[in-house]
Amino acid sequence: MDLGEQIDGYCERLGPGLWAEPANALTNLAFLVAAAAGYALWRRRGGVDGWTLALVIVVAAVGVGSGLFHTVATRWAALADVIPIAIFIHLYVYLAMRRLVGLGVLAALAVT
């Protein structure tokens, strides 16, 4: 598989250029704004919860990865898009099982 191969045929893609998906590319800035706000809130609350910081970092990675995919549209950028999203989903489910449902580590891992 050629990781540099251009991908076309999805979303609003208008062509092979850098800004061929302007709406998708620009809306990824919302993830970076959310990550910055989450980081500021994390710091304001003492900056001690490492799991919350991990979620904040992954949200920023989602914004960067998805922004890359919706601008350069290559196979490697597709991986930069979907891997952080998958990490966020799994991390969030695990933490929800631990903190909201009250499961132990092994049970939360099993559910996740």
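**Exercise 1.** Compare the expected span of H3 with the distance between its end C-alpha atoms.

*Solution.* Helices are DSSP runs of H or I with at least four residues, numbered from the N terminus. H3 covers 50-72 and has 23 residues. The expected span is 1.5 Å times one less than the number of residues, so H3 should span 33 Å. Its end C-alpha atoms lie 32 Å apart, which agrees.

The model is predicted: local features need pLDDT of at least 70 and side-chain atom pairs pLDDT 80 or more, while totals for chains, interfaces and linings use all residues. Residues are numbered from 1 along each chain as its sequence is written, and side-chain values use heavy atoms, without hydrogens and water.

**Exercise 2.** Describe what flanks H3 at its start and what follows it.

*Solution.* At the start, a side-chain oxygen of aspartate 49 comes within 3.2 Å of the backbone nitrogen of tryptophan 51. After H3 comes alanine 73, with a positive phi near 50°.

**Exercise 3.** Identify what covers the buried residues of H3.

*Solution.* Buried means under 20% relative accessible area (1.4 Å probe, protein chains only). The buried residues of H3 include Leu55, Val56, Val59, Gly63 and Phe69. Their cover includes helix H1 (22-27), H2 and helix H4 (75-99), where contact means heavy atoms within 4.5 Å.

**Exercise 4.** State which helix gives the most to the lining of the largest pocket.

*Solution.* Helix H2 (29-44) and H3 each supply at least two lining residues. H2 gives the most, with 5 residues.

Key:
Buried means under 20% relative accessible area, exposed over 50%, partly exposed in between (1.4 Å probe, protein chains only). A polar contact is a pair of N or O atoms within 3.5 Å; within protein, one must be able to donate a hydrogen and the other to accept it, and residues adjacent in sequence count only if both atoms are side-chain atoms.
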